[in-house]
Structure formats: C-alpha cells, structure tokens
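User: I would like to learn how to read strand pairing, burial and surface patches in a model of this kind. Could we take one feature at a time?

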Amino acid sequence: MKSSSFGQPSSSASTSSSWFSGLVRGSSKNMSASAAVEVGSLPTARKNQIPGVLFKYGPKQVQVAFKTGDFRQQVIFIGGLGEGYLATQYLEPLSVALEKENWSLVQPLLSSSYSGYGISSLKQDSSELDQLISYLINKENSEGVVLLGHSTGCQDIVYYMRSNSACSKAVRGAILQAPVSDREYRATLPETAAMIDLALTMINEDKAQELMPRNAEPDAPITAYRYHSLSAFMGDDDMFSSDLTDDQLRLRLGHMANTPCQVIFSMADEYVPDYVDKKAFVERLCKALGGAEKVEVEWGNHALSNRLEEAVKAIMDFLKREGPKGWDDPWS
C-alpha cells in the first residue's frame, strides 16, 4: 500500500472542514440536535473504566455513543448479539493505545444493542451506523473511520460496506474480530431445526415481523425474520459459515476487496464447532474478502479475553500502516 498514511496523526484542534462535509452535511439536516456529556478527562486509572464523552448521534432514544479521545480519526466498535458498551475486555487497553496514536474509540448503541437484536436487522444496523458516521463527519470533522466488529458485529460491517452509502466512503479500513457463523453454532442446539421451520412458515404467511415463541431465543424477543436470518442456510446473516462454497463466500464478501481488511480469528473460539478446520476456513475467508490480512490467535477465545495484548497489538499494527492509494480523495 502506498500514498497517504493510514495512521497519520490528526489534531482535533484544527478548524478546517472535513473533506466529506460538503456532500453529506445536507443529509443530516433532519437529525435531532446532538447532546454531548463529558464524563472524564483523566487517563484510565481503574479497571473496566474508560473516561470520555457520551453523545447523541441520531433521533432515537437508543442512538447514543461513547467516545474516548478527541481526534479526527475514529475506530468505531460494533459488538455482537446482546452486547453494548465495554463488550470485550480488550476495549479498555485499546482505548489507551489509540489515544497515543491520535485515534478516538467510539462505542455506539444501536437499536440492536443488548436485548434489541431479535427485533432488529442488519439493514437497520447499517442505517444507524451511517447516521453515526454522518455525525462524526459533520459535527466532529472526521477525516475517516475504521470499523472494528466483534462476532455478529462483523456482519454489520460487511452489510454496511455493501450499501455504498455516501458516508461509507469515509471508511478507511475494516477489522473483523471473530467473524464466525451464527448458523453453524445454532445448528448444535436441539431446538434449532424445528424453529427454523416455524420461522419459515411465519415468513410465508406474511408474519416475518411477528415474534417467535419464547423458547426460540430465551435471551431476547426475536422475530421470525431475524431468527431465520441468523439460523437458516443463506439467511441474511449467514456470511461466515464453513460449509459455504468459495463462490458463495465470494458472493457475500467479495465487495470487501475494495476496503483494507484485517481478520482476527481465535483458534480456540468456543462458538466454532469442533468439526470446522479453523486454519483452512480462515484462509478461505480472507481470500473471499479479496486478500484480507490474516491474524490467527492461538488459544484465543471468542472475545479474546485471554489474549488482550495480542488483540490490541494486532489492531494497532493494522492502524499504523498506510492506507490504500487515494483513500483521502474518494470523490475523484
């Protein structure tokens, strides 16, 4: 990779306008007035505490985000099912490492955060992610973002980058940490097959947005559509299954070839069935993504809670590299 520096320090004190602002500022006129609350200014001193600013980025009550550091380049963390703030243990040391390199860490809440995932969708997440990036461009004069997904958050990134929205041009890179198959994991549960049949029946009866029985998803209410999306072969969420052919993987992931991408795969991920050859699959995955960088974390678990230093190092190494030629002039 050549040309513009991917991790070039950028001061938030500058008053020059973001190069995205002119095109996308008009699209955010209807957004509700933002509110920011500063909750700390000192370096992190206690475990599981991150000082920063809480702000509102969209009209819905849930659309708030937490930002560490005050810089014009941001890493946006998107968690997995049932997650919200501080979803993984590596976020605390990562926020410290990012500040040293003049990057902010942004943790948004989406409508799908916590127990909301069952009544949401990748399309909804994509729309709200676009609102967040629009806010960062127009209100923070962002010079570009890197998307960091954990687990099902990786599906959000892939879906969003396929949307080709104006704000997706601001994405300088993507990091997929634990991109694993919800479908393959759910197939190991005894109730899944019958529930997929029920979900498909409801969808065919125009009841896609109605709720499944409680035992379909004990942790959260879930619609027939979302259950089918997560659990069925080639459902909307089915992007990282080992039984997909190379062509099917390329069909779902191939557009990511236009974005610098890193895959961080835990070789002891408890959500990957034992029959999956992890080394072979991550190789296929990176190829389908257009040659993504592969990071295999030996003995790492799903959230890398037992490999914090390795997680932070891999992410920071990726950020410090140069970006693709022309990333800073996407309109040319």
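User: In strand 9, which residue is the bridge partner of Ile 264?

Analyst: Bear in mind that this is a predicted model. To read a pairing, one finds the residue that stands across from a chosen position; for Ile 264 the bridge partner in strand 9 is Val 295. That contact belongs to a set of five bridges joining strand 8 to strand 9 (residues 293-297), and the two strands run parallel. Between them the chain crosses from strand 8 through helix 9 (residues 278-288) to strand 9, in a β-α-β crossover that is right-handed.

User: Which residues point each way from strand 8, and are they buried or exposed?

Analyst: Here one sorts the residues by the direction in which they point and then checks the cover of each group. Cys 261, Val 263 and Phe 265 point one way, Gln 262, Ile 264 and Ser 266 point the other way, and all are buried. Strand 8 (residues 261-266) is accordingly described as mostly covered, with six of its six residues buried. It also pairs in the parallel sense with strand 7 (residues 171-177), over four bridges, and in that pairing Leu 176 stands opposite Val 263.

User: Why is strand 6 described as largely enclosed by the rest of the structure?

Analyst: The reasoning rests on a count of buried residues, where buried means under 20% relative accessible area. In strand 6 (residues 145-150) six of the six residues are buried, so the strand is largely enclosed by the rest of the structure. Val 145, Leu 147 and Gly 149 point one way, whereas Val 146, Leu 148 and His 150 point the other way.

User: How many bridges join strand 6 to strand 7, and what stands opposite Val 145 in strand 7?

Analyst: Six bridges join strand 6 to strand 7, which run parallel, and Val 171 is the residue opposite Val 145. Strand 6, helix 4 (residues 153-163) and strand 7 make a right-handed β-α-β unit. Strand 6 also pairs with strand 4 (residues 74-78) in the parallel sense over five bridges, and there Gln 74 stands opposite Val 145.

User: Turning to the surface, which residues make the nonpolar patch of about 230 Å²?

Analyst: For a patch, one looks at the residues that contribute and then at where they lie. Tyr 185, Leu 189 and Tyr 271 make this one. Leu 189 is found in the loop between helix 5 (182-186) and helix 6 (192-204), and it counts as partly exposed because its relative accessibility is 30%.

Definitions and conventions: Residues numbered from 1 in each chain as written. Predicted model: local features only at pLDDT ≥ 70, side-chain atom pairs only at ≥ 80, totals over all residues. Heavy atoms only, no water. Buried < 20%, exposed > 50% of the residue type's maximum accessible area, 1.4 Å probe, protein only. Pairing = 2+ DSSP bridges. Right-handed = clockwise from strand over helix to strand, strands pointing away. Patch = residues over 30% accessible without salt bridge, like charges linked within 9 Å, V, L, I, M, F, W, Y side chains within 5 Å. Areas by Shrake-Rupley, 256 points an atom, 1.4 Å probe, with all protein chains shown as cover. Salt bridge = Lys/Arg side-chain N within 4 Å of Asp/Glu carboxyl O.
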